[in-house]
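Got the viewer open and a minute to spare? Follow along, selecting things as we go.

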Amino acid sequence: MKTQVGIIGGGPAGLLLSQLLYVNGIESVVLEKHSREHVLGRIRAGLLERGTVQMLQQAGVAASLNKNGLEHDGVELVYKGRNCRIDFFELTGSKMTIYGQTEVTRDLYQAREKTGGRILHKATDVTLAGIDTERPKIQFHHDGQAKTLDCDFVIGCDGYHGVSRAAIPSKVKREYQSSFPFAWLGVLSETPPVSEELIYAYHQRGFALCSMRSKTRSRYYIQVPLDARVDHWPDDRFWSELNTRLPSEAARNLITGPSIEKSIAPLRSFVCEPMRWNSLFLAGDAAHIVPPTGAKGLNLAVSDVRYLSQALSEFYQNKATEGLDNYSQRALDRVWKASRFSWSMTRLLHDFYEDGSAFSNRIREAEFEYLATSQAARMSFAESYVGLPY
Ligand code: APR
Ligand code: PHB
């Protein structure tokens with residue numbers, strides 16, 4: 001088999017890249033380890049920056065997003081029951097859109113299907129060969145046969161556990177990571193949200209987040225210890241704990257119901273440098289992970305794909321290599337700034353279960369006080385929350 005761009009991984013990064021390349025007249029093949037149902041069964045964050053919405057529009061996959069996405073102008077931060085609203089629209093002129101990652105992925109699959117996109121599901125034993133040459137190959141098994149895909153470039157969109165990043169030799173690769181001593185327990189329920197805007201709350205018992213997928217479907221999270229287990233958190237226990245951690249008005253508005261999804265995910269930050277090695281380019285979770293606070297994961301994957309699709313289009317249109325050569329540096333610049341924001345928002349809002357944390361608690365209190373009383377502080381928060389410019 002032969003194509004121009006070989007893409008490993010059919011999550012949002014790989015699918016969006018293949019769709020944008022198609023729009024620009026470039027051929028690609030996506031190799032995805034799992035079935036389409038499996039990929040669509042994953043529940044992830046659902047908060048899109050304006051730049052992400054624009055990219056999905058440019059890719060021609062935004063009909064449902066334009067119709068069903070909920071636009072938000074602001075967000076509530078709560079510290080021990082006291083609210084601080086950040087009106088990010090007034091501060092930055094940008095809105096955020098609530099639209100689930102599952103729906104983004106479904107829209108991308110549908111678009112690729114309509115336009116004859118080649119996506120091979122259940123492609124296993126993927127290995128990369130010749131990525132230090134201009135004739136790289138991807139070897140894999142599909143439909144019980146060993147196959148080879150010859151391409152000009154290999155793009156690793158295969159998430160944190162994929163094989164692409166491992167193909168960059170350790171002597172040129174540097175990985176940075178930091179783990180947090182807690183996890184998030186998330187619940188999806190067919191109940192109306194407690195408020196029109198998102199609420200991020202710090203409470204002595206731990207963080208809580210009220211988010212949503214639509215006017216009738218809510219998404220809630222609470223901070224739990226790393227060893228927490230879903231089966232120890234029946235719905236009643238979850239609702240009662242969430243209720244305790246919310247400010248009184250939100251708690252009064254909380255409508256509970258059976259959970260339709262419940263899962264626990266640990267929080268960590270991770271960045272791999274560089275994001276390109278010869279013919280191999282990394283994008284999305286394959287190169288970086290952010291904690292979910294602020295929902296930057298999908299938005300960063302989309303900004304990587306934006307830089308990469310532009311660079312590949314310039315290459316195929318007029319043999320220009322500048323965009324490809326600058327890709328790693330450009331992408332990493334935005335990745336590090338978003339990692340800084342996600343990390344500091346996580347520190348601000350969570351209990352770190354530290355002994356003798358009196359000092360860090362006072363620092364947190366001072367930071368909330370600063371946000372509540374300084375427009376400059378709110379502006380800085382808002383600028384990162386809505387997404388830094390590309
Ligand atoms: N071969 C083929 N496909 C693979 C392999 C492999 N060896 N390893 C992983 N994959 C696939 C996974 O099955 C998955 O579908 O790569 C895909 C990676 O998708 P995501 O993990 O969703 O990553 P990405 O597309 O970068 O999206 C980033 O999704 O994970 C969230 O928080 C993240 O919101 C962010 C966004
Ligand atoms: C979500 O809706 O899943 C969500 C929203 C905001 C976040 C994280 C997750 O910061």
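Start with ligand 2 and colour the two domains around it. This is a predicted model, and in it ligand 2 lies between domain 1 (5–72 + 98–177 + 268–346) and domain 2 (180–266 + 351–386), because both give residues to its shell.

Next, show the residues around the ligand. There are 15 of them, and Tyr-200, Ser-211, Arg-213, Tyr-221 and Gly-294 come nearest. Colour the shell by residue class and you get nine nonpolar, four polar and two charged residues.

Now zoom in on the oxygen atoms of ligand 2. Which side chains put an N or O atom 2.6 Å from one of them? Select Ser-211 for one such pair, then Tyr-221 for another. Add Arg-213, where a polar side-chain atom sits 2.8 Å from a ligand oxygen. Switch on the surface here: on its own, ligand 2 has 280 Å² of accessible area, and the protein covers 100% of it. Then turn to the ribbon and pick out β14 (198–202), β15 (208–212) and β16 (218–224), the elements that each give two or more residues to this shell.

For the last stop, leave the ligand and select the open sheet of six strands, which runs β8-β2-β1-β12-β19-β18 with mixed pairing. Its edges are β8 (118–120) and β18 (276–277), each pairing on one side only. Inside the sheet, highlight β1 (residues 5–8) and β2 (residues 28–31): these two pair in the parallel sense over four bridges. Click Val-5, and opposite, in β2, you'll find Ser-28.

Terms used:
Residues are numbered from 1 along each chain as its sequence is written. Chains are lettered from A and ligands numbered from 1 in the order in which they are written. This is a predicted model: local features need pLDDT of at least 70, side-chain atom pairs count only at pLDDT 80 or more; totals for chains, interfaces and linings use all residues. Side-chain values use heavy atoms; hydrogens and water are left out. A residue is near a molecule or strand if one of its heavy atoms lies within 4 Å of it. A polar contact is a pair of N or O atoms within 3.5 Å; within protein, one must be able to donate a hydrogen and the other to accept it, and residues adjacent in sequence count only if both atoms are side-chain atoms. Accessible areas come from the Shrake-Rupley method with a 1.4 Å probe; for residues, only the protein chains shown count as cover. Ala, Val, Leu, Ile, Met, Phe, Trp, Tyr, Cys and Pro count as nonpolar, Asp, Glu, Lys and Arg as charged, and the others, Gly among them, as polar. Domain bounds come from an automatic or database domain assignment. Two strands pair if DSSP finds at least two bridges between them.
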